[in-house]
Amino acid sequence: MNRMKLILAIGLLSFCAVHAQEEDKKAQRQAEKALRESKNITYEANENLVQNDFVNAEADYRRAISKSPQNIAAPYNLGRAYYNRESYSEAFGKFKQAGEKAESKNEKHKAYHNMGNVFMNNKEYEKAVEAYKEALRANPTDEETRYNLALAKEMLKKEQDEQKNDQNKDDKNEDKKEDQNKDQNKEGDNKEDKEGDQKDDKNKDEGDDGDKGEKKPEENKEGEGDEKKEQKQKPNEGDKPEQKNKPRPNQLSKQQIQNLLEAMQNEEKKVQEKIDAKKVRGAKIKNEKDW
């Protein structure tokens, strides 16, 4: 009984294996058929593109891509069509699709080479360098890719140098602004210090005046005391007329005034005598020069 079950199990497994093989062969035949149809559609798209019928060409390429994902030529050719029309974003997407599905090194090389070209046109030099390197890994002997890689590296270095110079300029401008702010702050501090010094001087002056003001009452007090002393020393009020007749400080007496008037009259007399003498001799004549 067990032997019979074993035979039945082996037979069932054999049948399943054969059926799976048949299914695989059927799927393979279908894939091959779809690939042939996709290539035929791609051929038609190529013909439309040659006739400058981009609209029908694009539609055919898309049908070919959807028909068979194994058809690398369809996305690659559509990418080239986009690239020639400067639709670089769409072109990059199709080149990437072709490169990821490519099985041969030649197909992979072409896809990544053109991806590098898209990056170069977009001025994404760092990405272009990586794309060209990937293309050279698939085909190290291609001189065009090698040249493009060298150009991409040169452009990348130039871009990095320019960014570095711009950064240095920005840093210098920032330092300059900081120096200006420092100078302004310094001027403000100096101004505040000067104003503070002026205020201190003013307060000092006011303080000095206050001190003098405080001393004045004492001086006035002493003056009052002296006047009282003088009043006490005066024997009687009969001395007052004599004080009035005394000349005040810096005041001339009548005799001094009379002497000054006489001296001034004598000087005027001498001056008048000199003027009369000049009139007698006659006036001087200016000499005119002959040229």
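## An all-helix predicted model

Lys123 is found in the loop between α5 and α6, the latter covering residues 125-138, where helices (H or I, at least four residues) and strands (E, at least two) are DSSP runs numbered from the N terminus. This is a predicted model, in which local features need pLDDT of at least 70 and side-chain atom pairs count only at pLDDT 80 or more, while totals for chains, interfaces and linings use all residues. Residues are numbered from 1 along each chain as its sequence is written, and side-chain values use heavy atoms, with hydrogens and water left out.

### Loop residues with a positive phi

Phi of Lys123 is near 60 degrees, a positive value in a residue other than glycine. Glu86 also has a positive phi, of about 65 degrees, although it is not a glycine, and the place of Glu86 is in the loop between α3 and α4. As background, most residues other than glycine have a negative phi. Lys123 counts as exposed because its relative accessibility is 56%, and Glu86 counts as exposed because its relative accessibility is 60%; here exposed means over 50% relative accessible area, buried means under 20%, and partly exposed lies in between (1.4 Å probe, protein chains only).

### The chain as a whole

The protein chain has nine helices and zero strands, so that its elements, read from the N terminus, run α-α-α-α-α-α-α-α-α. Of its 291 residues, 19% count as buried. The chain exposes about 24,400 Å², of which carbon and sulfur atoms supply 47%; accessible areas come from the Shrake-Rupley method with a 1.4 Å probe, and for residues only the protein chains shown count as cover. Among the contacts in the chain with a separation of 6 or more, 44% are accounted for by residues 24 or more positions apart, a contact meaning heavy atoms within 4.5 Å.

### Helices α2, α3 and α4

For these helices, the expected span is 1.5 Å times one less than the number of residues, and the table sets it beside the distance between the end C-alpha atoms.

| Helix | Number of residues | Expected span | Distance between end C-alpha atoms |
|---|---|---|---|
| α2 | 14 residues | 20 Å | 20 Å |
| α3 | 12 residues | 16 Å | 16 Å |
| α4 | 14 residues | 20 Å | 20 Å |

In α2, the buried residues are Phe54, Ala57, Asp60, Tyr61, Ala64 and Ile65. Seen down the axis of α2, these buried residues fall within an arc of 140 degrees, so they line one face of the helix; the arc is that of the directions from the helix axis to the C-beta atoms. The face of α2 turned away from its buried side carries the exposed residues Val55 and Ser66. An α-helix has 3.6 residues a turn, so residues three or four places apart point the same way.

In α3, the buried residues are Ala74, Pro75, Tyr76, Asn77, Leu78, Gly79, Ala81 and Tyr82. This helix is followed by Glu86, the residue with the positive phi described above.

In α4 (residues 88-101), Tyr88, Ala91, Lys94, Phe95, Ala98 and Gly99 are buried. These residues cover an arc of only 135 degrees around the axis, which puts them on the same side of α4. On the other side of α4, Ser89 and Glu100 are exposed. The buried residues of α4 pack against α2 (54-67), α3 (73-84) and α5 (105-121).

### Links between distant positions

Gln70 lies in the loop between α2 and α3. Leaving aside its neighbours within four places in sequence, Gln70 is in contact with Ala31 and Leu35. Gln70 and Leu35 are 35 residues apart in sequence, yet their C-alpha atoms are 6.7 Å apart in space.

Lys153 is found in helix α7 (residues 143-233), and this lysine counts as partly exposed because its relative accessibility is 43%. Beyond its neighbours within four places in sequence, Lys153 is in contact with Val129 and Lys133. The C-alpha atoms of Lys153 and Glu130, which are 23 residues apart along the chain, are separated by 9.9 Å.

### A nonpolar surface patch

Ile257, Leu261 and Met264 form a nonpolar patch on the surface, with about 280 Å² of accessible area together. Patches are made of residues with over 30% relative accessible area and no salt bridge, with like charges joined within 9 Å and nonpolar side chains (Val, Leu, Ile, Met, Phe, Trp, Tyr) within 5 Å; a salt bridge is a side-chain nitrogen of Lys or Arg within 4 Å of a carboxyl oxygen of Asp or Glu. Ile257 is found in helix α9 (residues 254-281), and Ile257 is partly exposed, with a relative accessible area of 41%.
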